[in-house]
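Here are my notes after a first pass through the model. Have it open beside you as you read, and tell me where you'd argue.

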Amino acid sequence: MTSHQKVKYVLGVETSCDDTAIGIIDSSKNIIANIVLNQNNYHMEFGGIVPEIAARAHLSCIDIALKKALTKAKIKLEEIDLFCSTGGPGLIGGLIVGNTFCKTLAWSLKKPFLAINHLEGHALTARLLYDLNYPFLLLLVSGGHTQLIAVLNYGEYIRISTTLDDSAGETFDKAAKMMGLGQPGGPLIEKLSKEGNEHIFKFPRPLYKSKNPNFSFSGLKTAFSKTLNNLDINDNKHNLAASLQKTISDCLLDRTKLAIKIFKHIIKSNKVNLVIAGGVAANKKIRADLKYLSNKEDIKFYVPTIELCTDNGPMIAWAGFERYKHKKDTMFNFKPRPRWPLDPIAYKHNPTMRLIGKKGIKA
Ligand code: KG4
Ligand code: ZN
């Protein structure tokens, strides 16, 4: 199949972390399968994701996920026109499993294969769900990343800011670990928060109100850990969770407010579309707070459905479909990339990025 032939069904494989996810979309933006097999039980006893265990679990689950996806979509494998898989950033073992699996399917059926940047998958999900045009401002908040990105067009990204240390998701996860809650921490903290008072504990909000648009969460993590040392966690768990969630949300809002100004300057217009994406965007308080900010700033706000905020296959299929429409070649010689920044020349716009390493930032 050449890149000019018509595409009806697109398969997306996502194995960059601990979810084995396969999705199928059609060219009219219908999500006809969204299978996620999570590995939480495998990693539970270790208190975090063990890369080698994740890779082996992907290997044993991936064909099951494919069968489930095809059954759900009620189509045959031969009907898939375009095969896409996350090429990075992520854990190398899982990336190799997903890429090899997807490439092999595509090769055997003589169909094109595309390796997709995981961050691009999150970044473009809102366009799969809504009638959203470029440009837009993206707050990308996942387990590995916390970034504000000006998405100017397909493939044109300007990173306005990033975290200098931990990501927002990592902060939720580490706090949950310290409280002995399990993983992933974000949903567990959110659940406890529902019965807590968010004003009881005052935690530091690193870089709050600073003119530097970047994020920082390590000071918050340390302060949270010190607070835990001085009280009975069980008696205070709801208030601790709610106060932490509020602090993280405050930081995200404050940095986004500054980024809106910078974005207006970049696009030379006051018409702003704000999008949030990534696992942390599943948090209802964070969604509500950003909606409030958007109303106050008189800008349009888009957020994917909860199941499309966390890692999923349809986002990879959609980003692949967008890429394909830009007539990009098939990518059978692609090597999975543990680090793969969306915007490799970010340092030109934000000098702090210069300090973060030439292979790209960690979070
Ligand atoms: O995007 P994602 O599924 O995987 C990565 O690309 O990293 O994001 C996972 C992160 C984890 O840190 C998890 O704790 C966080 O998203 N998360 C949440 C919620 N659901 C997932 N954080 C806060 N509230 C949630 N409801
Ligand atoms: Zn993700």
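1. Which helix holds both His118 and His122, and how many residues apart are they? Keep in mind that this is a predicted model. The two histidines sit in helix 4 (residues 118-129), four residues apart, or about one turn of the helix. Both are zinc donors through NE2, and Asp311 joins them through OD. The three lie 2.0 to 2.1 Å from the zinc ion (ligand 2). Along the chain the donors are spaced H-x3-H-x188-D. His118 and His122 are both buried.

2. Now to ligand 1, which has 20 residues around it. Gly143, Asp173, Gly186, Glu190 and Asp311 come nearest. Two of the zinc donors turn up again here: Asp311 is in that nearest group, and His118 has a polar side-chain atom 3.0 Å from an oxygen atom of ligand 1. The backbone takes part as well. A polar backbone atom of Gly143 is 2.8 Å from an oxygen atom of the ligand, and a backbone N or O atom of Gly279 lies 3.0 Å from an oxygen atom of ligand 1.

3. Have a look at helix 2 (residues 51-73). Its 23 residues reach 30 Å from first C-alpha to last, close to the expected 33 Å. Where is the kink centred? On Cys61, with an angle of about 40°. Cys61 is also one of the buried residues of this helix, along with others including Ala54, His58, Ile62, Leu66 and Leu70. What do the buried residues pack against? Their partners are strand 1 (9-14), strand 2 (19-26), strand 3 (31-38), helix 1 (40-43) and helix 3 (92-109). Just after helix 2 comes Lys74, with a positive phi near 55°.

4. Backbone oddities deserve a check. Most residues other than glycine have a negative phi, and most peptide bonds are trans. The bond from Gly88 to Pro89 is cis, with omega near -10°, and Pro89 sits in the loop between strand 4 (82-88) and helix 3. The bond from Gln183 to Pro184 is cis too, again with omega near -10°. Pro184 belongs to the loop between helix 5 and helix 6 (185-193).

5. Two loop lysines also have a positive phi. Lys209, in the loop between helix 6 and helix 7 (218-229), has a phi of about 70°. Lys268 has a phi near 55° and lies in the loop between helix 8 (233-267) and strand 9 (273-277). Are they buried or exposed? Lys209 is exposed, with a relative accessible area of 60%. Lys268 counts as exposed because its relative accessibility is 74%, and the cut-off for that class is over 50%.

6. Finally, Met178. This residue is in helix 5 (residues 168-178). Why does Met178 count as partly exposed? Because its relative accessibility is 30%, which falls between the under 20% of buried residues and the over 50% of exposed ones. Leaving aside residues up to four places away in sequence, Met178 touches Lys221, Phe224, Ser225, Leu228 and Ile233. Asn229 is 51 residues from Met178 in sequence, yet the two are 9.9 Å apart in space, C-alpha to C-alpha.

How values were computed. Residues are numbered from 1 along each chain as its sequence is written. Chains are lettered from A and ligands numbered from 1 in the order in which they are written. This is a predicted model: local features need pLDDT of at least 70, side-chain atom pairs count only at pLDDT 80 or more; totals for chains, interfaces and linings use all residues. Side-chain values use heavy atoms; hydrogens and water are left out. Donors are N, O and S atoms within 2.8 Å of the metal (3.2 Å for Na, K and Ca); water is not among the atoms, so sites may look incomplete. Buried means under 20% relative accessible area, exposed over 50%, partly exposed in between (1.4 Å probe, protein chains only). The expected span of a helix is 1.5 Å times one less than its number of residues. The bend at a residue is the angle between axes fitted to the seven residues ending there and the seven starting there. Contact means heavy atoms within 4.5 Å. A residue is near a molecule or strand if one of its heavy atoms lies within 4 Å of it. A polar contact is a pair of N or O atoms within 3.5 Å; within protein, one must be able to donate a hydrogen and the other to accept it, and residues adjacent in sequence count only if both atoms are side-chain atoms.
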